[in-house]
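Please open the model in your viewer and keep the sequence panel beside it, so that each stop of this tour can be selected by residue number.

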Amino acid sequence: MEFANHMILLAAVLFLASILATVITPRLGVPLLLVFLIIGLLAGEDGPGNIHFSDYPLANLAGTAALAVILFDGGMRTRMEDFRVGLKPAVSLASLGVLITAGVVGSFAAWLLDLGWAEGLLIGAIVGSTDAAAVFSLLHNNAVHLNKRVTSVLEIESGSNDPMAILMTLVLIAYLQDPEAFGALDTLWMLVLQGGLGAAFGIGGGRLLVKAINRLELSDSLYPLLALFGGLLVFGVTAVLGGSGFLAVYLAGVTMANRRVRAVASIRRFHDGIAWMAQIGMFVILGLLASPSKLWPVAGPALLIALVLILVARPLSVWLSLLPFRFPAREQVFISWVGLRGSVPIVLATFPWLANLENAALFFNIAFFIVLVSLLVQGWTVAPAARLLGLQMPASSTLVHRIEFDLPGQRGYEIVSYRIGHDSSLIGLRHKELPLQDVSRVIALSRAGRLQNYREWGTLRAGDYVSLVAAERDLSQLDEVFQSTRRPVREAEQRYFGEFHLDPTAKMADIADAYGVPPPAGGADLDVRGVFAKYLPNAVVGDRLRLGEIDLVVRKMDRDIITDVGLRLPHE
């Protein structure tokens with residue numbers, strides 16, 4: 001009992017410290033996952049906590065289960081429109097990109113550490129994939145607002161590149177255990193089995209899970225648990241049969257996200273909390289597993305390998321993988337920089353321990369050090385890099401809160417709340433005069449900290465909070481109605497989208513004549529929309545085309561059709 005009590009107390013202290021860190025660290029720009037790792041290190045054998053933990057099988061189990069939960073949650077946040085925009089380039093990064101990264105890093109590691117080629121490539125494979133937990137955490141930070149193409153590519157890549165890294169790691173471990181018995185056909189068979197079963201069981205299992213949730217009559221509190229353990233079942237069945245459980249559970253989440261599901265609001269809220277708990281627990285446990293005294297002897301070579309990974313291997317793999325997709329150079333640079341390493345390399349670095357390889361300790365310590373460098377250097381600079389490259393989009397919405405809920409016979413509705421700014425154009429209007437869609441309804445108004453009676457609403461005032469019931473698909477229109485009109489926000493929008501609006505059907509020849517700039521080659525007879533289709537066939541909001549000294553910027557889109565274009569004059 002005394003041991004159990006101490007373990008419960010210890011777990012509570014570590015988790016509470018990690019949760020409290022989420023309040024402080026975003027203001028300092030510190031990557032949260034780095035904080036969780038540091039908490040684990042401080043609690044470990046070389047820190048003040050002095051906890052001796054060296055159970056690699058347990059750490060592997062905890063890390064694998066946590067990754068499954070995180071990937072399932074990440075899949076449930078991925079919309080099919082994101083897949084249409086970013087699937088092909090993300091798949092290229094998740095396959096070819098991982099191979100190139102592992103090859104470059106592995107070759108350098110083998111030369112630097114005087115290892116065999118297979119051991120060097122094993123290090124490259126272990127650190128070859130980006131980390132879903134790290135990428136999802138940073139891209140959903142309020143400080144980072146990117147266009148849909150960059151966000152979707154990074155998220156889909158991080159959710160789908162683990163199978164390639166795991167496959168390479170397992171193949172190389174099998175080869176190192178018995179070089180004579182493992183050949184090229186075995187590698188090809190593992191690749192087909194991992195990818196094929198992962199995709200088939202992920203999509204099929206996701207559909208079955210949706211049917212089960214929609215047909216079974218359960219208590220409302222049980223639907224989130226059904227979704228969670230259904231996702232873990234998909235992972236387990238796929239992995240036991242030899243497929244990629246990580247790919248399967250991610251695709252099961254994506255399948256759920258793009259179908260009508262009962263109790264989806266409570267499912268998403270529950271999984272958001274569970275994913276946070278999984279991230280905290282996984283990084284703290286992996287932090288406990290490492291010892292600074294063991295990391296220090298490999299710090300020099302590990303730092304050099306990390307720099308080659310960040311500055312050579314990742315940019316080269318991104319450039320080659322995205323070559324067929326005509327990505328703008330600044331987006332390629334940003335995608336290269338956000339090749340964050342996190343829990344996946346550390347979890348994969350426990351595999352050599354389980355296989356009893358000779359240099360297992362070296363592999364683990366180097367992988368852990370590389371993750372620390374990646375989170376410190378790359379994770380700390382994601383927002384500044386987006387601003388430096390001109391990819392940081394202005395956030396003008398005054399949306400302060402949103403919560404999904406289910407109406408009887410209806411799904412996909414939310415309660416959203418907006419704050420009326422001091423110079424909002426809506427001040428003085430009655431709620432019936434708001435230009436809302438027919439399906440949106442004002443349900444509450446809060447003023448000076450108290451909920452107003454329906455008869456006392458009167459006209460809107462600065463500082464009011466307006467709450468509405470709206471369909472999720474209508475949120476973009478509501479954002480436009482309630483968008484901030486504060487001067488700093490207007491100036492930020494003008495700097496990014498331009499000072500003037502252009503009709504997408506305007507002829508490029510007329511625009512070129514009016515502003516004294518050369519028309520794009522072969523585009524003088526096209527309209528603005530046609531020029532974007534020619535030079536940026538998969539345009540998203542925020543895309544730019546340079547004409548002499550001016551920029552044409554996509555302001556708004558209705559699905560795949562450009563509906564508004566900004567004209568940006570030269571800025572100092």
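**Stop 1: a pair between two helices**

Begin by selecting Glu 157 and Arg 314, which form a salt bridge with the closest N and O atoms 2.8 Å apart; a salt bridge here is a side-chain nitrogen of Lys or Arg within 4 Å of a carboxyl oxygen of Asp or Glu. Glu 157 lies in helix H7 and Arg 314 in helix H14 (residues 299-321), so the pair ties together parts that are 157 residues apart in sequence. Both Glu 157 and Arg 314 are buried, where buried means under 20% relative accessible area, exposed means over 50%, and partly exposed is in between (1.4 Å probe, protein chains only). Helices (H or I, at least four residues) and strands (E, at least two) are DSSP runs, numbered from the N terminus.

Before moving on, note that this is a predicted model, in which local features need pLDDT of at least 70 and side-chain atom pairs count only at pLDDT 80 or more, while totals for chains, interfaces and linings use all residues. Residues are numbered from 1 along each chain as its sequence is written, and side-chain values use heavy atoms, with hydrogens and water left out.

**Stop 2: more salt bridges**

A search of the whole structure finds 7 salt bridges. Select Asp 543 and Arg 149 next, whose side chains meet in a salt bridge at 2.3 Å, N to O. Asp 543 is in the loop between helix H23 (528-535) and strand S7 (544-547), and Arg 149 is in helix H7 (residues 148-160), so this pair ties together parts that are 394 residues apart in sequence. Both Asp 543 and Arg 149 are buried. Add Glu 331 to the selection, and you will have a network of salt bridges that links Arg 149, Glu 331 and Asp 543.

**Stop 3: a sheet and its hairpin**

In which order do the 4 strands of the open sheet lie? The order is S6-S9-S8-S7, and the pairing is antiparallel; two strands pair if DSSP finds at least two bridges between them. Strand S6 (500-502) and S7 stand at the edges with a single partner strand each, so one side of each is left without a neighbour in the sheet.

Now zoom in on S7 and strand S8 (residues 550-558), which run antiparallel and are joined by 4 bridges. They form a hairpin with 2 residues between them, and Gly 548 in the turn has a positive phi of about 60°. Among the bridge partners, Arg 546 is matched with Asp 551 in S8, and Leu 547 with Ile 550 in S8. If you show the side chains of S7, you will see them alternate: Leu 545 and Leu 547 point to one face and are buried, whereas Arg 544 and Arg 546 point to the other and are not.

**Stop 4: an enclosed helix**

Select helix H18 (residues 360-377), whose 18 residues should span 26 Å at 1.5 Å a residue, and whose end C-alpha atoms are 26 Å apart, which agrees; the expected span is 1.5 Å times one less than the number of residues. Of the 18 residues of H18, 14 are buried, so this helix is largely enclosed by the rest of the structure.

**Stop 5: back to helix H14**

Finish with Leu 320, which lies in helix H14. Is Leu 320 buried or partly exposed? Leu 320 is partly exposed, with a relative accessible area of 31%.
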